[in-house]
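Okay, let's get going. I'll put the model up, and then I'd like to walk you through a few spots in it.

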Amino acid sequence: PLYSSAASDVYKRQKEIYFMLGILLLCISLFLYFRKNYAISLLLFISFCLNGLSILPDYIIGTSNSDLALIYTIIISILNYNRKGYFKTKGQENIVYVIICFLLLSSIFSKFYYHLTFFQIIQASRADYIILSYFFLRRVNSNLFLQIYNYLQNITLITSILYICQIIIGKAILPYPVEGSVDLTAGIMRFYNYPPLLTMFFVSSFIFPQFIKRSRVNLYRIIFSITIVCTLGRTFIIANIIVLLIGLYIQGGLRKSIQKILILGILLIPFMDIITTRFSKGNTSEDLLYILNTRPEDLQEFTTGGTMTYRIAWFLERYYYLIDRPFLEKIFGLGLISDSQPYILKMYDFKVGATGKVGSAGLMTTPDFAWGNLLTHWGLGGMILITIFWLFLLYFFFKRSKYSVLSVIAFTSFLSLIIQSFSGSTISRMGTIAIYLLFISTIKKQVQNKYGKN
């Protein structure tokens, strides 16, 4: 008992120290903003939005990175409130206000229809208000953006090297809350703490190596390519290859891109055994056949695993539940409440993904399928709205891809996120979108300055 008590005290002190680290980082980011050192300040903000860039995840800083991002957003928004035109929007930008209004209406609905407390509602929806960062991110000038972009590229390179090293030695080097495990299909260690902006700088190393010395370009390409293979994510690997080919085609057509495509092929040759084994033994074909040959209602019986079949079953069980409910429930979803609330076990009796334990993802959220999270959290109405928002960003970048290389990078990496939405939940988190909002003003200015277009 004495040992147990002492260990508990040590754990509490560690949590307090970690929490102070998170608060310290927030204070530094705000102090630097006040001192007009915007590059590092916004770099820290992007880090908060992307769960610490694999270096400072939630459990290391003792608090939620998304909470720090939200506090930063609120304070910066208040500071800039009186600036002329700060909150003014026009045209397609108005979708930001539509999303905010929908969130407020959903909060009211959750309060008076589901009888949730304000605490439960705020806990579940607070990270969505990071979308307010759009108003200060769109004011970032081109030089400042390129500074931040360079910092992020260097961080992604370093974390990629560390990620590869931990695969080699079989132990986590980057922060990782659980033990790594051997992937049975590939026979190597698998970790999920790869750099969040890996796709962006993988594509960038091929089509926009502006911040890389010419002698090191191929080295960067090799490192990013190896890191992608080492993730062992089938959808992730496919998505990266697809968007790179699309990016190369947009930039200069296939003929001009032949050399770079050959380089990519040569880089992948040493890893073909791992890739082919991962796909051939990863139950991909079995999953697809099961989905194609099974009635949708029968998929609800598939209650275990993390395969595509499981993801579809998870989604369909909640979808069928919603379409049998009243109209407003269809529109606003299952209520703004998180899996950490005990009350959730009384509200719903879903079978797929249910653990019966409070605090573990399963009933309302899943790390495997972004569309499932949109359905439960936003409802059918909100899911359509968020999809329109994604398509707006995708169209914005694609439309300008002929005039701006940065637009090609933003388009391809965001497209990759959409492809990955069928096997992960990254894009369903509003903080993920912040980096793409940062691209907007620089791309607009580049296109306008060079071609007189908006």
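One cut-off before anything else: when I say buried I mean under 20% relative accessible area, exposed is over 50%, and partly exposed is what falls in between. And please keep in mind that this is a predicted model.

So let's use that cut-off right away on His 115. It sits in the loop between α5, residues 95–112, and α6, residues 118–125. Buried or exposed, then, for His 115? His 115 comes out at 62% relative accessibility, so it counts as exposed. The backbone there is worth a look too: phi of His 115 is near 60°, a positive value in a residue other than glycine.

Now the overall picture. The protein has 19 helices and two strands. Of its 454 residues, 51% are buried. And if you take contacts between residues at least 6 apart in sequence, 71% of them join residues at least 24 apart.

Next, the loop between α2 and α3, where I've got three residues to show you. Start with Leu 50, which has its place in that loop. Leu 50 has a relative accessible area of 11%, so Leu 50 is buried. What does Leu 50 touch, once you stop counting residues up to four places away in sequence? The list is Pro 196, Leu 197, Gly 431 and Thr 432. Take Thr 432 from that list: Leu 50 and Thr 432 are 382 residues apart along the chain, yet their C-alpha atoms are separated by 6.1 Å.

Then there's Leu 53, also in the loop between α2 and α3. Its phi is near 55°, again a positive value in a residue other than glycine. Unlike exposed His 115, Leu 53 is buried, with a relative accessible area of 7%.

Third one in the loop between α2 and α3: Pro 57. With 9% relative accessible area, Pro 57 is buried. Leaving aside neighbours within four places in sequence, Pro 57 is in contact with Asn 51, Gly 52, Asn 65 and Pro 175. There's another proline to mention here, Pro 177: 120 residues away from Pro 57 in sequence, and 9.3 Å away in space, C-alpha to C-alpha.

On to helix packing. Two packed helices are described by the angle between their axes and the distance between the axes. First pair: α2, residues 38–49, and α8, residues 142–169, whose axes come within 9 Å and cross at roughly 50°. That makes α2 and α8 oblique to each other, and their crossing is right-handed. On the α2 side the contact is made by Tyr 38, Ala 39, Ile 40, Leu 42, Leu 43 and Ile 46, and on the α8 side by Leu 144, Gln 147, Ile 148, Tyr 151, Leu 152 and Ile 155. If you're wondering about the spacing in lists like that, an α-helix has 3.6 residues a turn, so residues three or four places apart point the same way.

Second pair: α9, residues 198–207, against α10, residues 217–230. These two pack at an angle of about 145°, with their axes 9 Å apart. The crossing here is left-handed. From α9 you have Leu 198, Phe 201, Phe 202, Ser 205 and Phe 206, and they meet a set in α10 that includes Val 217, Tyr 220, Arg 221 and Phe 224.

Now, helix lengths. α14, residues 308–323, has 16 residues, which at 1.5 Å a residue should span 22 Å, and the end C-alpha atoms are 22 Å apart, so that agrees. Among the buried residues of α14 are Arg 311, Glu 317 and Arg 318, along with Trp 314 and Phe 315.

How far apart are the end C-alpha atoms of α17, residues 370–399? Only 25 Å, for 30 residues, when a straight helix would reach 44 Å. Look at Trp 378 on the screen: α17 has a kink of about 120° centred there. Also, 22 of the 30 residues of α17 are buried, so α17 is largely enclosed by the rest of the structure.

Last stop, Ser 421, in the loop between α18, residues 405–420, and α19, residues 430–451. Its relative accessibility is 0%, so Ser 421 counts as buried. Not counting residues up to four places away in sequence, Ser 421 touches Phe 369, Ala 370, Trp 371 and Ile 427.

That's my tour.

Terms used:
Residues numbered from 1 in each chain as written. Predicted model: local features only at pLDDT ≥ 70, side-chain atom pairs only at ≥ 80, totals over all residues. Heavy atoms only, no water. Helix = DSSP H or I, 4+ residues; strand = E, 2+ residues; numbered from the N terminus. Expected span 1.5 Å × (residues − 1). Bend = angle between axes of the 7 residues up to and from the residue. Buried < 20%, exposed > 50% of the residue type's maximum accessible area, 1.4 Å probe, protein only. Axes fitted to C-alpha atoms, helices over the stretch in contact; angles between N-to-C directions. Parallel < 35°, antiparallel > 145°, perpendicular 65-115°, else oblique. Left-handed = near helix turned anticlockwise from the far one by under 90°. Contact = heavy atoms within 4.5 Å.
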